[in-house]
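Below is a short report on a structure with more than one chain. Please keep the sequence and the 3D view open while reading.

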Amino acid sequence: MTKAEERPVLFPKLPDVCVRCATCMAACPVSRVTPRFPGPKQAGPGAQRFRSASEASVDDWIELCTSCHLCDMVCPAGVPISELNLMAKAKYLNERGRTFRDWLLVRSDLFGELAARFSKIVNPLMKNGAVRRLLDVLLRIDRRRDLPGYEYPTFRRWFRTRPVASGASGRRKVAYFYGCFTNTNETDVGKAAVEVLEAHGLTVVVPPQRCCGIPRLGVGDLRGAMEMGGRNIDLLRPTVREGIDIVFSSTSCGLMLRHEYSRLLGLPGAEELAGHLFDICEFLLHLREEEKSAVTFRPLSMKAAYFAPCHLRSLDIGLPALELLRLIPGLDVRLLEADCCGLGGLYGFKKEKFTIAEEIGKDLTEAVDRMKPEIILTDCEGCRMQIRHLTGLRVLHPLQLLRDALPQPIAHP
Amino acid sequence: MKRFDLIVIGTGLAGLTAARTAVEMGAKVLITGRGMGALTLFGNTIDLLGEIPPETEMAEGIPRWIAAHPEHPYARTGWEGIESALADFRGLFPPPYSFAAEGKRNSLLPTGAGTMRPTYLIPATMAAGAAMTPVGTLIVGLRGFKDFQGDTVSLHLKCRGVTLSLPRYGLEGLTALALARLMDEASFRERLGEAIRRQMAGERFIGLPAVLGLRNPAVVLKTLEEITGARVFEIPMLPPSIPGTRVFHRFREELIAKGTIFLMGHPVSGANVKDGRCEGITVENPPLAAEYRADRYILATGRFLGGGLWAEMERIVEPLFRIPVFQPGGRGMWFGERFFDPEAHPIHRAGIVTDADLRPVDETGRVVLENVRAAGSILAHHQATEEKSREGIDIATGFLAAKRALAS
């Protein structure tokens, strides 16, 4: 593992841009629930002024930042707050060393395929009380948190083995970045994505791809994240060079691919890739606006809530999924007035952070209680897991409902 | 590419007001701000013009004041314009958490510095502060909450003060937002109410820091008043302002529900200007830059803090459109002798000069951009801080800019 000081400085850190206006303190989900985290103003630019590459890190609370980026979004001065936090976290963990738990959790892409293949054995094991207690004690993965089940065939396998749609030749191609979770844990999101894209007159291709690397950023492993990024850029470049745009259905993968590869990690080729990457709902809206496709959705009479994931907000493209959902006749869909579900990716699975994640999630639960929807829609797999856990309601990716509202519903398992 | 009827640049009170006014008129609107705007910095009450003494009705005082200040942004809106804009603003906040003026005049409200400050529209949670008397008021601070020093406030206001500690909740080090969130919990506010009641010695008014809930402030107020039997009021304090955050959330909720595209977090880095018209703006989210187009634009980017104005070595500039800025003389002339001079520092007079339609004009009075209007504190010839007119200018000019833009 490289020490922080051996790495080149990738970007200027600008704590002095901060004017201490405290706007970020009105947005941070963590400091809103616990005094253990001093909040973005103090943890980011405040503490940064005292940090030195040659001295050992003393930021014992820096791991409590969930990297939700909400502070960055509200800052009127453009301070890269979450980036300052991330760099401090990376240094802290580089010095202290990472746990086996971190090593394991960020490799879900490697183990996922295997776990999916043996899902009949793995899934019951992950629900088994004794196994969960063991994981809780040995790995400090909180046993109160449901572990996501694995599905087989994986999305990738399903896509490869499905019959090719007839009349598909000559249509515009679009590539799909499905992300690990869709591949092995929520394959229906991928199937819905393919069906909705095809219904909009597109031919879907699935280029080879790896984990985007954002779980590694979560544990401050910049080098690991850069490796994953480099591989993905190499794998996706040919698609982009063919002039094919790539859509993603996970907003966190999307943020990583489109922005962090270049802005944070400075990876060569990242900018070329970014110009061809789109959130899938953003892409579909563009198609409709350019009048290249005009799918009329059939009515769905239902009361639905839409939750905007933090990383979607960081993409700063508005709420394209909500705009699309509003095109379904009869669907009463409203935005949940809540900031951050609290899960923070792997964060909420960790025993020492479970209570914080739960407490942040409480505000979302209350917003759900006020609205009383039948179904909740959100673009991020982490948010979906957390909202299911908190509310017990049916929680889907917006694409899954859009698929159900397609004019000629395609049968799906 | 989608074309909007109106793009609003800036998510402060002026921008939010402009966006809402336009949406109410049926326009397709996009609003974008590089941050959350200044509502969390001020935004506690709605100042209109603190200079008007509390004895004078605003309907009488403001027209007279406008006559003496023909260059002021209020001269563009007139008293009628201010009135309709404020009525519109109030419509966004139905009871119980509503905004009202005491007898159509300024009222004096206690502040977190222990001073009395004139203001106009007051949220329901602060209304009792205007009626408080030093004898008969208890100021309650919370131990470990650094943004509100109850002792200082009570000392200056000449009231009795207590600092409470609620050990079970571990208040030590809590932020304003964390406290406001706790207040939304029934068990917490009931416990706090009980703790206050035990400290009371016949007081009729209770003053607390302005953290009485984020979602349900009126409910928090009601609980505390029922338990203590006194009238309870919030006292505005240091940023981040919880009352300002409530206002921001209310606007955002309403705008998104009505179909406005709400962008936040990245700066507008460029404007495409052709033949005296803005054709599009670019929002920078590295490594990408997204272009958005509309028929009309409203520039509500504030002053120096919001990034609407920028101080170069010898000049104040407007960085986005390079609109001519009224200059307060050279750098040597920008600041007065003393920081707290009652007269505003000359630099605060800098800003954009407009025609009656709020379109920016140059030194000769010629309109520089046909389809761009300016609103809020970026306008020249006001002293929002000293006059205590910030929110009034934001609301009145934001409203007018949207009305005029859509009429064009």
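B:His381 is partly exposed, because 18 other C-beta atoms lie within 10 Å. The classes depend on C-beta atoms placed from the backbone: a residue with 20 or more others within 10 Å of its own is buried, one with 12 or fewer is exposed, and anything in between is partly exposed. B:His381 sits in the loop between β17 (372–374) and α9 (384–388) of chain B. Helices (H or I, at least four residues) and strands (E, at least two) are DSSP runs numbered from the N terminus. The phi of B:His381 is positive, near 65°, and the residue is not a glycine.

This is a predicted model, in which local features need pLDDT of at least 70 and side-chain atom pairs count only at pLDDT 80 or more, while totals for chains, interfaces and linings use all residues. Residues are numbered from 1 along each chain as its sequence is written, and chains are lettered from A and ligands numbered from 1 in the order in which they are written.

Most residues other than glycine have a negative phi, and most peptide bonds are trans. The table lists exceptions to both habits.

| Place | Feature | Value |
|---|---|---|
| B:His381 | positive phi | near 65° |
| A:Arg140 | positive phi | about 55° |
| A:Tyr152 to A:Pro153 | cis peptide bond | omega about 0° |
| B:Pro95 to B:Pro96 | cis peptide bond | omega near 10° |

A:Arg140 is placed in the loop between α7 and α8 of chain A. It counts as partly exposed because it has 15 C-beta neighbours inside 10 Å. A:Pro153 lies in the loop between α7 (129–139) and α8 (155–161) of chain A. In chain B, B:Pro96 belongs to the loop between α3 (73–91) and β3 (99–100).

Chain B also holds an open sheet of 4 strands with parallel pairing, in the order β8-β7-β9-β10. At its edges stand β8 (160–164) and β10 (231–235) of chain B, each with a single partner strand, so one side of each has no neighbour in the sheet. On average, neighbouring strands of this sheet are turned by 25° against each other, direction ignored. Two strands pair if DSSP finds at least two bridges between them; β7 (residues 137–142) of chain B and β8(B) pair in the parallel sense over 5 bridges. B:Gly141 is found opposite B:Thr163 in β8(B).

Which segment holds B:Ser408? It is the segment after α10 (390–407) of chain B. B:Ser408 is exposed, because 12 other C-beta atoms lie within 10 Å. Its C-alpha atom is 8.3 Å from that of B:Asn371, 37 residues apart along the chain.

The two chains touch: 32 residues of chain A are in contact (C-beta atoms, placed from the backbone, within 7 Å) with 36 residues of chain B. On the side of chain A, the elements giving two or more residues are α2 (70–74), α13 (251–264), α14 (270–274) and β6 (331–335).

Chain A is divided into domain 1 (4–96) and domain 2 (302–404), with bounds from an automatic or database domain assignment. Their centres, taken over C-alpha atoms, are separated by 26 Å, and 13 residues of domain 1 of chain A are in contact with 12 residues of domain 2 of chain A.

The mean pLDDT (the predictor's confidence in each residue, from 0 to 100) of chain A is 92, and 95% of its residues reach 70 or more. Over residues 1–12 of chain A, pLDDT stays under 50.

Key
Axes are lines fitted to C-alpha atoms, for helices over the stretch in contact, and angles run from 0 to 180 degrees between N-to-C directions.
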